[in-house]
Amino acid sequence: MTTLDTLEERAQTRSAAFGADALIVCDSLVRIYQSEGIEVQALQGLDLLVDDGELVAIVGASGSGKSTLLSVLSGLDVPTAGRVRVGPWDLMAMTPAQRVQYRRTMVGFVWQQTARNLVPYLTAAENVAFPLALAGTGSRERAARAAELLELLGVAYCAERRPGQMSGGEQQRVAIAVALACSPRVLFADEPTGELDTATSHDVLEGLRMVNRELGTTVVVVTHDPGVSEHVERTVAIRDGRTSSEVVRRRHTADDGTEHVVAEEFAVLDRAGRVQLPQEYREALELAGRVRLALEDSHVSVWPDKPRVTPSRGPATGRHAAVPEPSRGEAASDQEEQR
Ligand SMILES: Nc1ncnc2c1ncn2[C@@H]1O[C@H](COP(=O)(O)OP(=O)(O)OP(=O)(O)O)[C@@H](O)[C@H]1O
Ligand SMILES: [Mg+2]
């Protein structure tokens, strides 16, 4: 018999298993903002797993919840419900002191506004050394670390310049160096290229890739930059506060030995079994409200509730109005499928 105890036990094993090996786990994250009596659901049960050492881009329309997600992950904001873990840190259950410790040691952050990332009256090298001084690192080590990071990001020549004497792209690369000063395991960047032109954005995104490859830092970058998928292996799209699709890039070696990159787009099936059908699929087959699902040998097909009337076949008769039985051949060619 199912008792409250067995249900509790089951719930615990389920959540322990989800993302047990991942560095970052977001499990059914909800964040509701209340302002002037209006409720905004910025995150609506978002699931996301990021492995140690990954470089992941997050894309999505304005207002889809990207910054909210990054604020939660960087310890600035607390979600309304769900579960969120980064490494050993349970972000729902941290004391204020632990939160400070988490932000100092585990994560680094780069903001969109270049001016927000750097202290205007300190040079680039002093900006990088600043968080190390707060952490009690000796001056020689601070200088060495600053030089090493500025070199890695290709802005060693800016070491003695103040932010006002650098371009936006140079400032953002110095900002990445600052965020990495205390060797965090994860680097979060919210639209670091938002104020930059295409060529400069490219340098900043390459800087993030270099950091990921050379230092092994896990990087999560939010961006509007359509060119981002050239720089990352995985792009996660957020729609209406949920992860909706992912583009994964893989190196593929053909039979003749030539290597090329294959980008594949996947829909994301969430923990509750929900999947978002792209708008163009829904419109093409007038899928709305009720749909029929059919389990096939290797896939699931989704059918409209009513048969569609095509002009060439004439108006629907009583017979046509009956719901068609999905046949295997048709389902594979005509209908939207879940891969
Ligand atoms: N402090 C807040 N109070 C009330 N509503 C908020 C707050 N912060 C964000 N929101 C709302 O939550 C939703 C998600 O906002 P968020 O900033 O996460 O979007 P975003 O994807 O980062 O958008 P953008 O691409 O424009 O930066 C929006 O509808 C926004 O208006
Ligand atoms: Mg934002």
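The following exchange concerns a predicted model and its ligand shell, strands, core and one helix.

Local features need pLDDT of at least 70, side-chain atom pairs count only at pLDDT 80 or more, and totals for chains, interfaces and linings use all residues. Residues are numbered from 1 along each chain as its sequence is written, and chains are lettered from A and ligands numbered from 1 in the order in which they are written.

Visitor: Which element gives the largest share of the shell around ligand 1?

Guide: A residue counts as near the ligand if its C-beta atom, placed from the backbone, lies within 6 Å of it. Elements are DSSP runs numbered from the N terminus: helices (H or I, at least four residues) and strands (E, at least two). Strand S1 (24-35), strand S2 (38-50) and helix H2 (66-73) each give two or more residues to the shell. The largest share, 3 residues, comes from H2.

Visitor: Which strands are the edge strands of the open sheet of 4 strands?

Guide: Strands pair if DSSP finds at least two bridges between them. The order is S2-S1-S4-S5, with antiparallel pairing, and 10 bridges join S1 to S2. Pairing on one side only marks the edge strands, S2 and strand S5 (89-90).

Visitor: Which helix gives the largest share of the largest nonpolar core?

Guide: A nonpolar core is a set of buried Ala, Val, Leu, Ile, Met, Phe, Trp, Tyr and Cys residues joined through C-beta atoms within 7 Å. The largest one has 63 residues, and Ala177 is among those with the most contacts inside it. The largest share of this core, 7 residues, comes from helix H7 (residues 168-180).

Visitor: How many of the 13 residues of H7 are buried?

Guide: A residue is buried if 20 or more other C-beta atoms lie within 10 Å of its own, exposed if 12 or fewer, and partly exposed in between, with C-beta atoms placed from the backbone. Helix H6 (139-152) and helix H8 (198-215) are among the elements that cover the buried residues of H7. The helix is mostly covered, and its count of buried residues is 12.

Visitor: How far apart are the end C-alpha atoms of H7?

Guide: The expected span is 1.5 Å times one less than the number of residues. For the 13 residues of H7 this gives 18 Å, which agrees with the separation in the model, 19 Å.

Visitor: What is the bridge partner of valine 248 in S11?

Guide: Strand S10 (residues 242-253) and S11 run antiparallel, joined by 9 bridges. They form a hairpin with 5 residues between them. In S11, the partner of valine 248 is glutamate 264.

Definitions and conventions. Two residues are in contact if their C-beta atoms, placed from the backbone, lie within 7 Å.
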